[in-house]
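Visitor: Could you take me closely through the aromatic rings of this protein, how they pair and what lies over them?

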Amino acid sequence: MQGTQGYPLSGATGEALDPFEQGLRAFTLAYGDAMGRFDAALHLAPDFAMARIAKCWMLAIANDAVVMGTARTLLAELRKGAVTDEEKAHAAALTHAVEGHRRAAVAILDRHLMRRPFDLLAHYAAMILDAFQGRFPAVRDRSARALPLWSKAQPNYGILLSFYGFGLEEAGDYDRSEDTSRAAAELEPFGYWPHHAVSHVLEMTGRADEGLAWMADRAPFWSMTENVNRVHIWWHNALYHVELGHYETALQIYDGPILATQKPFGISLTNASALLWRLETVGCAAGHRWEQLAALWTDHADGRLCVFADVHAAMTALRADRHGDVETLLAAMTATAAENTESSSTYRDIGLPVVRGLAAFHRGDYGQAVEHLLPARVDLWKLGGSYAQRDVIDWTLTEAATRAGQRDVALALAYERLGTRPHSAPNQRFLRDAGAL
């Protein structure tokens, strides 16, 4: 059998191919029950290797310490069933991915995609792996290599186009990203990625009112239970309110749809942590929310797998006064930093200084927070995640400089922030506070 990916699928049957293709669309759209459809395909064709590979990718790119254990178990099974060159390439990439070796995994997928440019599963896995290395120009370029080979009438063309749009946005090409992503949203209205990319463009260009209108107009497409990442869309919605100075409204979104839609995975929980941290710095007391959130974080950040998640877990544990959890996480991060693995330098140069800076900020040692965060900010992209997500660190640095009475640093950072988002209420507040020192 051969599906939309453009190569033979070992172990597949005509009956199993349809649920597999449905699962592939659900996974890459982030809309619908992808795992259930892959399981249905395997029920109909137990030797369907690519269905098992797709399941493993779903677990591996969750970047969650608990889920990764299940991915390793599944990988051991699928290695035995990998027959074709394509299946072997996926299995080899997964072998690296489950150990957190993202660069090595992407290198295999990139070479594979030059031969098989219609492999949407490989495109998606590579995009997510790059996202957690901060390598968004690679996301843009990978899609750019493949799109001319696709027909616009080809199934899933709009999905790949949305990947391109997101890569453009994080590479700073906002005009092209907006045009591309809006076109992709017309082709795939229920797709998470085109809506997400436009949301980022409107955030990064300081168009919060337009962002809220975009959300409202498209609510039937993104707010349904089938959208598996809608918690992050709600997070963007809350950020627009923060930019407009509607802090209490943002807190209400946290208490309502964010809590209702978040999942017990580290990457999902980062949305809540980052929003609460921002809101507390502008005077919204989070209170008991931190302890409730810290309980959800238990075991989902291990100081080894995903530094982006670890930073947010530490942020939460600090505010919940779970000092033992912070020390345990710091010890694991320190051990990872001392190793000679792919992620060691990121933990050493960025992860540890950021967590130590957050800890200093939490205990009121604002000058020390500046000393940790200011040198690290240049390479924050190595944490992974988007510019909008990482901005919580620069936000903290700017507030720390103000509270430390460091007028020169605070004023410089405030002007820098206003240079890209001059109408932002928090940025205007930063300038007022810095100027009053």
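Guide: What follows looks at the aromatic side chains, after a word on confidence. The model is a predicted one, with a mean pLDDT of 95 for the protein and 100% of its residues at 70 or more. Confidence is lowest in helix H4 (residues 65–81), where the mean is 85, and highest in helix H10 (residues 174–187), where it is 98.

Turning to the rings themselves, the count comes to 17 aromatic pairs. One of them joins Phe20 and Phe48, whose centres are 5.0 Å apart and whose planes make an angle of 45°, so that the pair is classed as tilted, an angle over 60 degrees being needed for edge-to-face and one under 30 for stacked. This pair links distant parts of the chain, since Phe20 belongs to helix H1 (residues 14–29) while Phe48 lies in the loop between helix H2 (34–44) and helix H3 (49–60), 28 residues apart. Phe20 and Phe48 are both buried.

Another pair, Tyr192 with Trp193, is edge-to-face, at 4.9 Å centre to centre and with 85° between the planes. Tyr192 and Trp193 are likewise buried, and they belong to one aromatic cluster that also takes in Phe27, Tyr124, Phe136, Phe163 and Phe166.

Charged groups complete the picture. Arg319 lies over the face of Trp277, 4.3 Å from the ring centre, and the ring of Tyr387 has the charged end of Arg390 over it, at 4.7 Å from the centre of that ring.

Terms used:
Residues numbered from 1 in each chain as written. Predicted model: local features only at pLDDT ≥ 70, side-chain atom pairs only at ≥ 80, totals over all residues. Heavy atoms only, no water. pLDDT = per-residue confidence, 0-100. Helix = DSSP H or I, 4+ residues; strand = E, 2+ residues; numbered from the N terminus. Phe/Tyr/Trp six-rings, centres within 6.5 Å; stacked < 30°, edge-to-face > 60°. Buried < 20%, exposed > 50% of the residue type's maximum accessible area, 1.4 Å probe, protein only. Lys NZ or Arg CZ within 6 Å of the ring centre and 35° of its normal.
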